[in-house]
Amino acid sequence: MCGIVGYVGPRPVIDVLLPGLTHLEYRGYDSAGVALIRDGSMDVIKTAGRIADLVALVGREAPRPAISGIGHTRWATHGAPNTVNAHPHTDDGGDVVVVHNGIIENWAILKRKLTEAGHEFTSDTDTEVVAHMLADLSDLPLIEAVRQVMNQSEGALALAVMRRSEPNVIVGARRGSPLVVGRGDGENFLASDIPAFLEHTREMVIIEDDRVVEVRPGSIRLIDLEGNELEPEHRKVEWDLEAAERGGYPTFMLKEIHEQPHAIGDTLAGRVSETGRVVLDELDIDPDLLRRIDKVFVVACGTSYHAAMMAKYAIERWTRLPVEIDIASEFRYRDPVLDERSLVIGISQSGETIDTLAAVRYGKAQGANLIGVSNVVDSALARESDAVLYTRAGPEIGVAATKTFTTQLVALQLLGLYLAQVRGSMDPGRIEVLVREMLRLPEQVELALGASGEIERLTRKWKSVRDYFFLGRSGDFPVAMEGALKLKEIAYVRAEGYAAGEMKHGPIALIEKGVVVVGVVTDSHVRAKTLSNMEEMRARGATIVLVAEEGDDVGAVADHVVRVPAGPDLLCTVTAVVPLQLLAYHVATARGLDVDKPRNLAKTVTVE
Ligand code: F6R
């Protein structure tokens with residue numbers, strides 16, 4: 001996720017771009033840049049760091065006045081967040097300049113072709129291919145050249161592009177990643193999101209997927225990817241700035257819950273082949289080494305630890321390697337036995353959690369190999385790992401992890417299948433089936449989000465409930481644990497996540513009328529056993545809510561059943577957790593709490 005802004009018109013361009021980028025900083029903040037054009041000259045100013053660093057740099061470099069400009073704030077997905085990889089990117093001759101949001105899935109093939117044709121690349125980004133492709137189409141009007149580039153690019157992306165020879169034109173294009181036009185009087189704006197131009201205009205034009213738009217000071221022209229002219233559809237923005245930054249949602253947490261289908265799509269992008277294989281070329285680790293591994297250790301904290309629990313089931317089931325999982329702050333103190341044939345997987349969305357860093361350092365010191373799973377490119381975990389798998393969820397502003405958790409699950413499932421593929425521990429046909437099912441996850445999570453209203457109505461009855469249990473077995477167990485953690489941290493009510501079968505060994509003494517028990521029943525090989533455990537809770541007076549797959553006849557045990565789309569065991573963790581995120585959210589908001597900033601918590605925990 002990154003932020004794009006563009007402006008053509010009479011105002012000082014830089015004074016539109018920099019505040020616009022500041023309003024988009026929630027979309028990414030590891031590097032930023034602007035490009036400004038006037039009468040054949042182009043200035044590109046960019047830097048690693050936040051928008052404040054860019055503002056300081058622009059102050060020092062004092063760019064020439066311009067009549068159009070584009071800007072970008074980045075959340076890295078390809079290449080480290082440094083100045084060279086910061087956007088905008090230009091072609092070899094500096095004639096075309098581009099900013100981009102999203103992932104160009106076929107960038108490696110495009111880059112190889114362009115390099116063979118003599119283009120020289122300066123960055124590690126996927127974006128730069130667009131600038132070089134456009135340079136080869138310099139005889140076409142920019143809008144037509146961008147249309148052709150869109151037709152050759154795969155994946156979800158949004159672009160804003162300028163050319164030195166057409167100084168009063170910005171061309172934008174969209175497929176899967178957001179892009180809107182702000183319509184002014186003798187001026188126009190282009191942006192990833194409305195807050196970038198809301199202080200200047202409330203008139204906007206929505207750009208649908210697979211559209212290319214040409215923005216001039218006095219006109220907006222829209223075409224589809226076949227080149228047909230389309231009538232732009234105008235809308236008025238009713239939100240204030242604060243609501244617009246949250247995309248119209250009342251909180252960042254709810255916005256991020258709803259971003260999950262897109263985020264999961266990004267996690268999967270370019271990582272599976274058409275033939276149903278997992279392609280993790282970015283995982284810079286010798287396959288022979290992965291074949292020699294004889295034991296796996298997964299370490300993480302909090303929500304990331306729940307992703308580790310799922311990873312254990314997945315890796316053991318798919319590779320038959322033994323997997324140990326540890327809460328990172330406990331790992332070192334039990335003297336675990338590791339050596340050169342051990343693989344440590346460290347999971348941390350921030351990549352800066354000190355307990356997790358200490359745990360992976362311990363593993364490395366014993367000679368183990370380290371794969372990091374992180375949401376932040378070039379985080380400490382990423383730098384210290386032998387290989388990294390990024391979750392690509394984009395920045396998460398809400399303190400409670402939501403989209404970073406589901407993307408961790410997906411990334412770890414990909415990693416589990418990749419290990420199985422490399423080690424030959426699973427039939428390729430079975431891998432292909434699971435890969436194809438994974439590609440359905442974005443759509444299935446979208447369906448799971450549909451239960452929000454129903455869950456809100458349900459939780460309204462629970463104002464006085466003080467005790468919740470979340471129960472599951474096997475793959476449903478980590479989901480239950482995560483449901484309980486979400487409720488504790490944002491609603492401040494006691495919630496226990498437990499293995500359903502373990503309740504009878506003690507905690508069942510706490511079950512009585514007035515306790516809510518949420519059972520997760522998506523893992524088929526433990527379904528019957530979990531349902532029997534839920535009967536035990538019901539017999540003691542608890543209110544029973546089940547999260548179950550569409551079509552599964554579980555009704556008799558439950559006071560209420562929340563449905564999620566049916567899917568293979570373990571993959572279902574991704575959809576099953578969505579109702580539990582919504583449940584925590586609605587309980588917390590009914591109690592009037594600030595879900596984005598729960599008390600006593602920090603987004604990144606850098607103390608032991
Ligand atoms: C819960 C939550 C925390 C984090 C934990 C680890 O919603 O956000 O439990 O999961 O602090 O953080 P990372 O993944 O950054 O290491």
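**Contacts, sheets and spaces in a predicted model**

Student: Which residues does Leu179 touch, leaving aside those up to four places away in sequence?
Tutor: Keep in mind that we're looking at a predicted model. Leu179 sits in the loop between strand E8 (170–175) and E9. Setting aside residues up to four places away in sequence, Leu179 touches Ala158, Leu159, Gly172, Ala173, Arg174, Leu190, Ala191, Ser192 and Ile207.

Student: Is Leu179 buried or exposed?
Tutor: The cut-off for buried is under 20% relative accessible area. Leu179 has a relative accessible area of 1%, so Leu179 is buried.

Student: How many Å separate Leu179 and Lys504 in space, C-alpha to C-alpha?
Tutor: In sequence, Leu179 and Lys504 are 325 residues apart. In space, their C-alpha to C-alpha distance is 54 Å.

Student: On to charges. How many salt bridges does a search of the whole structure find?
Tutor: Side chains of opposite charge can pair when their charged atoms come close. Searching the whole structure for such pairs as salt bridges gives a total of 32.

Student: Which side chain meets Glu187 in a salt bridge?
Tutor: The N to O distance in this salt bridge is 2.7 Å. The pair links distant parts of the chain, 176 residues apart. Glu187 is in the loop between strand E9 (180–183) and strand E10 (188–191), and its partner is in the loop between strand E1 (3–8) and helix H1 (13–23). That partner is Arg11.

Student: Is Arg11 buried or partly exposed?
Tutor: Start with the other half of the pair: Glu187 has a relative accessible area of 6%, so Glu187 is buried. Partly exposed covers the range between under 20% and over 50%. Arg11 comes in at 31% relative accessible area, so Arg11 is partly exposed.

Student: How many residues apart in sequence are the parts that Glu259 and Lys403 tie together?
Tutor: The side chains of Glu259 and Lys403 meet in a salt bridge at 2.8 Å, N to O. Glu259 lies in the loop between helix H7 (252–258) and helix H8 (260–268), and Lys403 lies in helix H14 (residues 403–423), so the pair ties together parts whose separation in sequence, in residues, is 144.

Student: Are Glu259 and Lys403 buried or exposed?
Tutor: For a residue to count here, its relative accessible area has to be under 20%. Both Glu259 and Lys403 are buried.

Student: What does Glu437 form a salt bridge with?
Tutor: The closest N and O atoms of this pair are 2.9 Å apart. The partner has 35% relative accessibility, so it counts as partly exposed. It is Arg440.

Student: Now the sheets. In what order do the five strands of the open sheet come?
Tutor: The pairing in this sheet is parallel, and the twist averages 20° from one strand to the next. At the edges, strand E17 (323–327) and strand E20 (387–390) each pair on one side only. The order is E17-E16-E18-E19-E20.

Student: Which residue in E19 is the bridge partner of Val344?
Tutor: Strand E18 (residues 342–348) and strand E19 (residues 369–374) pair in the parallel sense over six bridges. In E19, the bridge partner of Val344 is Leu370.

Student: At about what angle to E18 does H14 run?
Tutor: Helix H12 (residues 354–365) lies across strand E16 (295–300), E18 and E19, at about 170° to E18. H14 lies across E18, E19 and E20. Its angle to E18 is about 165°.

Student: Which residue in E22 is the bridge partner of Leu471?
Tutor: In strand E21 (residues 467–472), five of the six residues are buried. Six bridges join E21 to strand E22 (residues 494–499), and the two run parallel. In E22, the bridge partner of Leu471 is Tyr498.

Student: And the empty spaces: what volume does the largest cavity have?
Tutor: The count comes to two cavities of 30 Å³ or more. The largest cavity is lined by 17 residues, with Cys2, Trp75, Thr77, Gly102 and Asp126 nearest its centre. Its volume is about 100 Å³.

Student: Which element gives the largest share of the lining of the largest pocket?
Tutor: The largest pocket holds about 960 Å³ of space. It is lined by 34 residues, and the closest to its centre are His78, Trp107, Gly270, Glu282 and Arg392. Helix H3 (107–116), H8 and E20 are the elements that give two or more residues to this lining. The largest share, five residues, comes from H3.

Terms used:
Residues numbered from 1 in each chain as written. Predicted model: local features only at pLDDT ≥ 70, side-chain atom pairs only at ≥ 80, totals over all residues. Heavy atoms only, no water. Salt bridge = Lys/Arg side-chain N within 4 Å of Asp/Glu carboxyl O. Helix = DSSP H or I, 4+ residues; strand = E, 2+ residues; numbered from the N terminus. Buried < 20%, exposed > 50% of the residue type's maximum accessible area, 1.4 Å probe, protein only. Pairing = 2+ DSSP bridges. Axes fitted to C-alpha atoms, helices over the stretch in contact; angles between N-to-C directions. Contact = heavy atoms within 4.5 Å. 1 Å grid on protein atoms, 1.4 Å probe; cavity = no way out; pocket = protein on both sides within 12 Å on 5 of 7 lines; lining within 4 Å. Points joined across faces, edges and corners; volume = space filled by probe spheres on them.
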